[in-house]
Amino acid sequence: MKILIVVTNRYCGPMPVVPIGACLVAEAAERDGHAVRVLDLMFAINPVHALESELGNFKPDIVGLSIRNIDNNDMQNPVAFFQDLKPLVKTIRNNVRSTLVLGGAAVAVMPEELLRYTGADWAILGDGEVVFPELAASLSKGEFPNRIPGIAWCENGIFRKNAGYVSRFSDGCLVPDFYRWIDMHAYLSRLSTVPIQTKLGCHFKCVYCTYRKIEGYDYRFCDPAMVVDTIEHLADMGFRDIEFVDNVFNSPYEHAFAICEGVARAQPDVRLQSLELNPLFIDDELLTVMEKSGFVGMGITAESASGIVLEGLQKGFTSEHVRIAARVVQRHKIPCLWIFMLGGPCETKDTVQETLHFAEQFIRPKDVAFFNIGIRIYPGTELEQRAREEGVLASPPQEMLEPVFYLSPNLDLDWLLSAIRNVLKAHLNYIDSNTIGLSFLPALNRLGYRAGVRSPLWRYTRFIRRGLRLFGMDV
Ligand code: B12
Ligand code: SF4
């Protein structure tokens, strides 16, 4: 069959992310004997025209839309990316009679809502490189593919899904041949990193999280030795900045440790990073081996330094764990981005101040603190239930594609915004979601790359903010 995979993500903040999932799906379909093309709309000047022309030239039997982001998760400046899908779907329906299939992280989070919104024929939940080829095989035989595990559809207006287990890492394929599918130079020259995933799943139960919906509760691992081989292969391909995109890189601890140990031994010429480290599993041994393996940046998703809020979020660690992690970080060289989300369940003025005080006391000037305000509520999470009970949320689940946020009823938003403004003024190494949404950030990424700056850009926050202020900008 002729298959066109369309990468719909066009968001460039904090940098454009390489569509690894869509490429994996394309490669798996090609391995199965289909004729496959990828149309990446990330840098297209006119996405509808680009799609129209590709449809006209290729005339695909199946169009797969890869949908990454529903919105930008930003309560202060919400942007609803899902709305960009309507003109694309209209173009497909007006030009070809292809079967329309949805896939991507956003689809796993809200499959029913996206199926209804787009009117697509099928949605794939999760591991596309396993499920999509099965769907294509079934469609090519003229079957109605509703028995395939991991598929969802609407039948006579009723949403149906066929849940089931798929074994993702079974064929050992971790990264696609990126150059075969997308314009990698366009990404790399905007400080994008090359993603690599070493496992799926998460054992934690944070109240707001969708990740378990995407990847499941049970871990599915890629053998650490195979991860090391893949990193060496990426280095041989000339890729230098490699980012682990696991839900939580350092859990299970032993898995992360084995990977770092292997990379430290092999010494490929790469710079590693991950923005997803859990404070519970940070110790001197891990940071030492991360240093040896070439880590140039890590993000710690502390979310809060207040015990009450951490309990409200059901993070599975305490404020003491956050403090212990901070002391460990201070003893090592790896630049660290501390990630906080303010306004969650049980948050009050006092708990916000506790977190700000922690940042003041523990975060080194060379490190960075990122404060996110409010939490995006997704259907099916405990946070949704709580928000309804507290009267914070009124929209029914089917309307929750439109960004809706939780802010603790015990907190005044104006006070919170002004508190964040004040600490940002006083600390040049602090940022908030306004910073990630800065309209000139894409230009800054390109400029940085040309000036020889390498990812992660956040390491230079102090210098960038100081420089921009000198130009009279209020950042
Ligand atoms: C790592 C990560 C990041 C990193 C990315 C680093 C990098 N170099 O890539 C960083 C921190 C930069 C980041 C940023 C953002 N992220 Co993020 N991120 C993730 C995370 C944890 C993993 C994504 C990933 O790479 N997975 C691995 C690849 C292999 O999987 P995949 O691309 O999803 O592809 C698989 C399937 O989706 C499917 N598939 C994909 N395409 C297609 C196409 C077809 C046709 C089919 C059939 C199947 C299919 O098959 C693939 C292979 O199995 C996910 C959560 C999660 N567990 O998915 C959130 C997630 C994707 N992010 C999310 C968001 C919102 C964002 C931001 C908007 C946040 C912000 N305000 O900055 C930005 C957007 C960045 C951008 N420019 O687009 C959301 C998106 C959904 C939503 N809620 O809207 C997620 C799901 C988390 C969440 N909150 O629910 N992110
Ligand atoms: S640790 Fe991270 S991925 Fe796991 S449930 Fe919590 S927020 Fe989700």
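Over which ring does the charged end of Lys2 sit? Here are my notes on the model, which is a predicted one.

1. To take that opening question first: the charged end of Lys2 is over the ring of Phe58, at 5.5 Å from the ring centre. There is another contact of this kind at Arg190, whose charged end sits over the ring of Phe43, 4.2 Å from its centre.

2. On to ring-ring contacts. The count of aromatic pairs comes to 19. One of them joins Trp122 and Trp153, a tilted pair with 5.6 Å from centre to centre and 50 degrees between the planes. Trp122 belongs to strand β5 (residues 122-124) and Trp153 to strand β6 (residues 151-155), so this pair ties together parts that are 31 residues apart in sequence. Both Trp122 and Trp153 are buried.

3. There is also an aromatic cluster to look at. Trp338, Phe340, Phe358, Phe362, Phe371 and Tyr430 form it.

4. Now the open spaces. The largest pocket holds about 480 Å³ of space. Its lining runs to 25 residues, and Leu125, Lys161, Ala163, Lys213 and Ile214 are the ones nearest its centre. Elements giving two or more residues to that lining are α4 (105-109), α5 (111-118), β7 (158-162) and α9 (211-215), with α9 providing the largest share, 4 residues. By class, you get 12 nonpolar, 5 polar and 8 charged residues around the largest pocket.

5. The second largest pocket has about 330 Å³ of space. It is lined by 15 residues, of which Arg421, Leu424, Asp432, Asn434 and Asp474 are closest to its centre. Helices α17 (413-426), α18 (433-436) and α20 (461-470) each supply at least two lining residues, and α17 gives the most, with 5. Here the class split is 6 nonpolar, 3 polar and 6 charged.

6. As for enclosed space, there are 2 cavities of 30 Å³ or more. The second largest cavity has about 30 Å³ of space. Pro176, Asp177, Phe178, His233, Leu234, Met237 and Phe239 line it, which splits by class into 5 nonpolar, 1 polar and 1 charged.

7. Last, ligand 2. The residues surrounding it are Cys202, Phe204, Cys206, Tyr208, Cys209, Tyr211, Arg212, Asn247, Val248 and Lys315. By class, the shell around ligand 2 has 7 nonpolar, 1 polar and 2 charged residues.

Terms used: Residues are numbered from 1 along each chain as its sequence is written. Chains are lettered from A and ligands numbered from 1 in the order in which they are written. This is a predicted model: local features need pLDDT of at least 70, side-chain atom pairs count only at pLDDT 80 or more; totals for chains, interfaces and linings use all residues. Side-chain values use heavy atoms; hydrogens and water are left out. On a 1 Å grid over the protein atoms alone, a cavity is a set of points where a 1.4 Å probe fits but cannot get out, and a pocket is an open set with protein on both sides within 12 Å along at least five of seven lines; lining residues have an atom within 4 Å of a point. Grid points are joined across faces, edges and corners, and a volume is the space filled by probe spheres set on the points. Ala, Val, Leu, Ile, Met, Phe, Trp, Tyr, Cys and Pro count as nonpolar, Asp, Glu, Lys and Arg as charged, and the others, Gly among them, as polar. A residue is near a molecule or strand if one of its heavy atoms lies within 4 Å of it. Rings of Phe, Tyr and Trp (its six-membered ring) pair if their centres lie within 6.5 Å; planes under 30 degrees apart count as stacked, over 60 as edge-to-face and the rest as tilted. Buried means under 20% relative accessible area, exposed over 50%, partly exposed in between (1.4 Å probe, protein chains only). A charge sits over a ring if NZ of Lys or CZ of Arg is within 6 Å of the ring centre and within 35 degrees of the ring normal.
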